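Me: Please take a close look at how the helices pack in this model. I would like the angles, the crossings and the residues in contact.

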Amino acid sequence: KLVELTNFGTAAAALDEHDRAEYLDCVNALAPFGISLRDAVKKLLPQLEAEKTTCSVKEAVEMVVKSKTVDGLSDRYIKDIKGRLEKFSNKFGASNLAAITTAEIDDWLRALPGALVNRNNYRRNIGVLFSYAEKRGLIVKNPIKHVSKAKETTKRVGVLTPDQASKLLANADNEIQPAIALGLFAGLRTE
């Protein structure tokens, strides 16, 4: 005990049985990875620091939308990114931004209804959020980088027969008939 006190000070001698057992458990858990407890702590500290100093997902979404608006991006882009990020924020808004994991994002995206292109559009906009956070030092690593991108399959565009076009026009509401006619006969896309 005298040697311990000399080499490590009184703090080491003050470790109780529980602390010593916890130390041994940690060392044994890290052994298969070939790293020391000190190395594990050094690796974890930046993440813990980011989680302590970062903001909520909701706050980060507000910052991104504000910055994109100030940067002069189009109203259409702002509306799109705001809508998609607010939906993401509805799920994770109160969560610490730095604590959001790849798995959580991946699971959320997979649960979205609609076509795969919709999922990829959400993935892209969430990527904007986390890239912004990474540049601002709000997160240590960008979890979106490892989120799976859905494989979109494109279907061949069909062509209506004259009989199908006639039935479509005959059954369409009067308000939308002109738009359908422009699409059918002039090739004009309407939104």
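Reply: Two helix pairs are described below, one after the other.

The model is predicted, so local features need pLDDT of at least 70 and side-chain atom pairs count only at pLDDT 80 or more, while totals for chains, interfaces and linings use all residues. Residues are numbered from 1 along each chain as its sequence is written, and side-chain values use heavy atoms, with hydrogens and water left out.

Helix H6 (residues 102–110) packs on helix H7 (residues 116–135) at about 150°, and their axes are 10 Å apart. That makes H6 roughly antiparallel to H7 (an angle over 145 degrees, on a scale from 0 to 180 degrees between N-to-C directions). The crossing of H6 past H7 is right-handed (the near helix is turned clockwise from the far one by less than a right angle). In contact (heavy atoms within 4.5 Å) are Ile 105, Trp 108, Leu 109 and Arg 110 from H6, with Arg 119, Tyr 122, Arg 123, Ile 126 and Phe 130 from H7. By class, six of these residues are nonpolar, none polar and three charged.

Helix H8 (residues 162–171) and helix H9 (residues 177–185) pack at about 165°, with axes 9 Å apart. H8 and H9 are therefore roughly antiparallel to each other. Here H8 passes H9 in a left-handed crossing (anticlockwise instead of clockwise). H8 contributes Ala 165, Leu 168 and Leu 169 to the contact, and H9 contributes Gln 177, Ile 180, Ala 181, Leu 184 and Phe 185. Seven residues of the H8 contact with H9 are nonpolar, one is polar and none is charged.

Note on methods: Helix = DSSP H or I, 4+ residues; strand = E, 2+ residues; numbered from the N terminus. Parallel < 35°, antiparallel > 145°, perpendicular 65-115°, else oblique. Nonpolar A, V, L, I, M, F, W, Y, C, P; charged D, E, K, R; others polar.
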